[in-house]
Amino acid sequence: MDVDALRARTPGCAQRVHLNNAGAGLLAQPTVDVMVGHLRWEAEIGGYEAADAARDDIAAVYAAVAELVGGAREEIAFFDNATHAWNAAFYSVPLGPGDRILTGRAEYGSNVLAYLQVAQRTGAEVVVVPNDGSGQLDTTALADLVDERTRLIGLSHVPTSGGLVNPAVEVGRIAREAGVLYLLDATQSVGQFPVDVREIGCDMLSATGRKFLRGPRGTGFLWVRSAALERLDPYVAEIRSATWDGGRGFTWADGARRFESWENSYVNQLGLGAAVRQALDLGMDAIAARTLALGATLRERLDAVPGVSTHDLGSNRCAIVTAKVDGVPTAEVVAALARAGVNATATVPEDTQFDTEVRDVHPLVRLSPHYYNTESELDRAVEVIAGLAR
């Protein structure tokens, strides 16, 4: 991987030390060029006409995303963010009184609120699976909790609040053996390391373009296993997702398109395609090797600073690193990093409610390097944090 060349094609690298890729990765210049080009096209010939002219390029985005996650293009649906993609899957799962939703401590805050809402509406039950000794979802406990009332296992692959990588493959094995639908929130994992739906064994997967994929904001996608479609009831019928039968009925669109809506930002969708193509060209194995190594290095360097502690859970950890400086409010640490030209952010207790119930650590400073970052940039961040810890 030619890091210098990648940085030269990433304008933001000249301006800041960007360690907030778990929030939004820096766009590469080729991605910007694709988006600006289509936007100009819309301005010059019209939005509908530009979409018609780019029909083949738009279709290629479905194929690229499918290749990225190991699925088929007809199993991909696009949305304006990952939450809407996840909602489209979750709210399509038929649930009733006594049905059970199993999830983990690391589940994302919006997902948790959706579980609670549906439980209130339907009488379904939300069951939080405990962590094992390492802090990841306890798969033995999960297997024991699955019963004839279990309708869904929902799991955040990587939480928004730390470097934990949950055991998604083992969860998939348990779900398949029990015949239970499995929804994986891969928002923080897709683009950071290889994610293969065939290996994982999930039925649905949601993700965003703006984080480690380095795509534009306002992009998200959903993968749905073709064999799972008959077990789902899409909660919105729309002229893109369904076809009127001429009477008082309709038929769903084929494949995952039944979850989409007609209107799209094709500027953003094409930008997502350019970002995904870049990831595929670089190779997810190469991206993971460098990104995860940078995360491990940053975590080690922070742990070596007196008065600084890291708080990432799990036996497998990724490039999201969370830390606390003794006696210094997290907001002050983030502000000091910003003054030094380092982009970072903070965890929020409400974003991982079930984790907050058992860990009184939030807010934490969250730093998330990616493959285009350098070790000298990590040193800069550690230097600023070490200065606050003195």
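These notebook entries record what I looked up in a predicted model.

**Entry 1: helix H5**

I began with helix H5, which spans residues 82-90. I asked how many of the residues of H5 are buried. The count is 7 of the 9 residues, so the helix is largely enclosed by the rest of the structure. I listed the buried residues as Ala82, Ala85, Trp86, Asn87, Ala88, Ala89 and Phe90. I then examined the start of H5, where asparagine 81 places a side-chain oxygen within 3.0 Å of the backbone nitrogen of threonine 83.

**Entry 2: the nonpolar core**

I next looked up the largest nonpolar core and noted that it has 60 residues. Which residues have the most contacts inside this core? They are Tyr182, Val190 and Leu205. Helix H4, residues 55-69, gives the most to the core, with 8 residues. I recorded a general point beside this: in soluble globular proteins, nonpolar side chains tend to be buried together.

I followed tyrosine 182 further and left aside its neighbours within four places in sequence. Its contacts include Leu152, Ile153 and Leu155. Ala168, Val171, Gly172 and Ala175 are also among them. I noted further contacts of tyrosine 182 with Ile200, Gly201, Cys202, Asp203 and Met204.

**Entry 3: strand S12 and its partners**

I turned to strand S12, residues 321-325, and found it mostly covered, with 4 of its 5 residues buried. I asked which way S11 and S12 run, parallel or antiparallel. Strand S11, residues 308-310, runs antiparallel to S12, and 3 bridges join the two. I located threonine 310 opposite alanine 323 of S12. S12 also pairs with strand S15, residues 365-367, in the antiparallel sense over 3 bridges. Here I found that valine 321 has leucine 367 in S15 as its bridge partner.

**Entry 4: histidine 362**

My last search concerned histidine 362, which I placed in the loop between helix H13 (353-358) and S15. Is histidine 362 buried or exposed? Its relative accessibility is 10%, and buried means under 20%; histidine 362 therefore counts as buried.

I then looked up the polar contacts of its side chain. One joins histidine 362 to the side chain of threonine 347 at 2.9 Å. Another, at 2.8 Å, links the side chain of histidine 362 with that of aspartate 355. Not counting residues up to four places away in sequence, I listed Ser161, Thr347, Pro349, Thr352, Asp355 and Thr356 as the residues that histidine 362 touches. Thr347 and Asp355 thus appear in this list.

Conventions
Residues numbered from 1 in each chain as written. Predicted model: local features only at pLDDT ≥ 70, side-chain atom pairs only at ≥ 80, totals over all residues. Heavy atoms only, no water. Buried < 20%, exposed > 50% of the residue type's maximum accessible area, 1.4 Å probe, protein only. Polar contact = N/O pair within 3.5 Å; in protein donor to acceptor, adjacent residues only side chain to side chain. Core = buried A, V, L, I, M, F, W, Y, C linked by side-chain atoms within 4.5 Å. Contact = heavy atoms within 4.5 Å. Pairing = 2+ DSSP bridges.
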